[in-house]
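Visitor: I'd like to zoom in on one part of this model and really get to know it. Pick a good starting point, and then show me how the rest of the chain is laid out around it.

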Amino acid sequence: MNDLNIGEKISQFRRKQNLSIRDLAKLADVTPSLLSQIERSLANPSVNSLKSIASALNVPLFTFFVSEVNKKDLIVRKDSRKKVILPGSDNVIYEMLSPGINDNLEFAIMNLEPNTSSCNDFIHHNGYEIAYILEGEVNLYLDDEKFILYKGDSVKVPIGINHRWQNISEHNSKVIFAVVL
């Protein structure tokens, strides 16, 4: 895990706003000496000092505690998507569209080959699912009801609803979906 450098973050925000240490110290009602020490990691600020500095910089307090994100890691190129094939479902391939699996969001394309089902048994999620039919047509089973969805149709599957997808056509179908946990 990366160490957080709160002082460096304060310094970055201060420089972005073209404020001197003296200017920010005055706005935050702290001494320039203390602010300089905080920025150089020579002093640990109190929560009240951090609140004052955040307020003076007009940024939420939590911004000082959030790790930097490598922007390149936010992009998933089409030729480097992770592919998931569940056991017993060789004809169903999931292409992961989101970069990580640690988020509260699963975002993927489900490729259903002709005459296949997303699973043998019904599944349900601890979050809701939003889906959009990119190609083909599919049967969507929600509990004991069957719905036929065509290219361009979309659906929201509420939390806890048992469901499964089925392609009974002779053509591939693609469903893009997001599960928000």
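Guide: Let's begin with a bit of vocabulary: a polar contact is a pair of N or O atoms within 3.5 Å, and within protein one of the two must be able to donate a hydrogen and the other to accept it. Keep in mind, too, that you're looking at a predicted model. My pick is helix α1, which covers residues 6-16. At its N-terminal end sits a cap: a side-chain oxygen of Asn-5 lies 3.3 Å from the backbone nitrogen of Gly-7. That separation fits the polar contact limit, because the cut-off is 3.5 Å. Past the helix, you run into Asn-18, which has a positive phi, near 55°.

Now for the helix itself. Its buried residues are Ile-6, Gly-7, Lys-9, Ile-10, Ser-11, Phe-13 and Arg-14. As you can see, that list isn't purely nonpolar: Lys-9 and Arg-14 are on it. What do these buried residues pack against? Their partners are α2 (21-28), α3 and α4.

Gly-7 is worth a second look, since besides taking the cap from Asn-5 it has a neighbour from elsewhere in the chain. Leu-42 is 35 residues away from Gly-7 in sequence, yet the two C-alpha atoms are 8.9 Å apart in space. Leu-42 belongs to the loop between α3 and α4. With a relative accessible area of 57%, Leu-42 counts as exposed, because the cut-off for that is over 50%. Gly-7, on the other hand, is buried.

Salt bridges come next; the structure has 4 of them. One stays in the neighbourhood of our helix: Glu-8 and Arg-15 meet through their side chains, with 3.4 Å from N to O. Glu-8 has 32% relative accessible area, so it is partly exposed, and Arg-15 is also partly exposed, at 45%. A second salt bridge pairs Arg-14 with Glu-39, where the closest N and O atoms are 2.7 Å apart. Arg-14 sits in α1 and Glu-39 in α3 (residues 32-39), so this pair ties together parts of the chain 25 residues apart in sequence. Buried or exposed, these two? Both Arg-14 and Glu-39 are buried.

Follow the chain beyond the helices and there's another salt bridge to look at, between the side chains of Arg-81 and Glu-95, at 2.8 Å from N to O. This one also links distant parts: Arg-81 is in the loop between α4 and β1, while Glu-95 is in strand β2 (residues 92-96), 14 residues apart. The two ends are covered to unlike degrees: Arg-81 is partly exposed at 24%, whereas Glu-95 is buried at 9%. Add Lys-83 and you get a network of salt bridges linking Arg-81, Lys-83 and Glu-95. Lys-83 also stands opposite Glu-95 in the strand pairing, where β1 and β2 run antiparallel and are joined by 2 bridges.

Stay with the loop between α4 (47-57) and β1 (83-84) a moment longer, as Ile-75 lies there too. Ile-75 is partly exposed, with 47% relative accessibility. Together with Val-69 and Leu-74, Ile-75 makes up a nonpolar patch on the surface, and the three have about 270 Å² of accessible area between them.

The pairing of β1 with β2 leads us into the first of the sheets I'd like to show you. It's open, has 6 strands with antiparallel pairing, and the order reads β1-β2-β3-β10-β5-β8. Its edges are β1 and β8 (154-157), each pairing on one side only. Strand β10 (residues 173-180) takes 8 bridges from β3 (residues 105-112) and 7 from β5 (residues 128-135). You can spot the register by eye: Asn-111 stands opposite Lys-174, and Ile-130 stands opposite Ala-178.

There's also an open sheet of 4 strands, again antiparallel, in the order β4-β9-β6-β7. Here β4 (116-117) and β7 (145-150) are the edge strands with a single partner each, so each has one side without a neighbour in the sheet. In between, β6 (residues 137-142) and β9 (residues 163-167) run antiparallel with 4 bridges, and Tyr-141 stands opposite Arg-164.

Terms used: Residues numbered from 1 in each chain as written. Predicted model: local features only at pLDDT ≥ 70, side-chain atom pairs only at ≥ 80, totals over all residues. Heavy atoms only, no water. Patch = residues over 30% accessible without salt bridge, like charges linked within 9 Å, V, L, I, M, F, W, Y side chains within 5 Å. Areas by Shrake-Rupley, 256 points an atom, 1.4 Å probe, with all protein chains shown as cover. Buried < 20%, exposed > 50% of the residue type's maximum accessible area, 1.4 Å probe, protein only. Contact = heavy atoms within 4.5 Å. Pairing = 2+ DSSP bridges.
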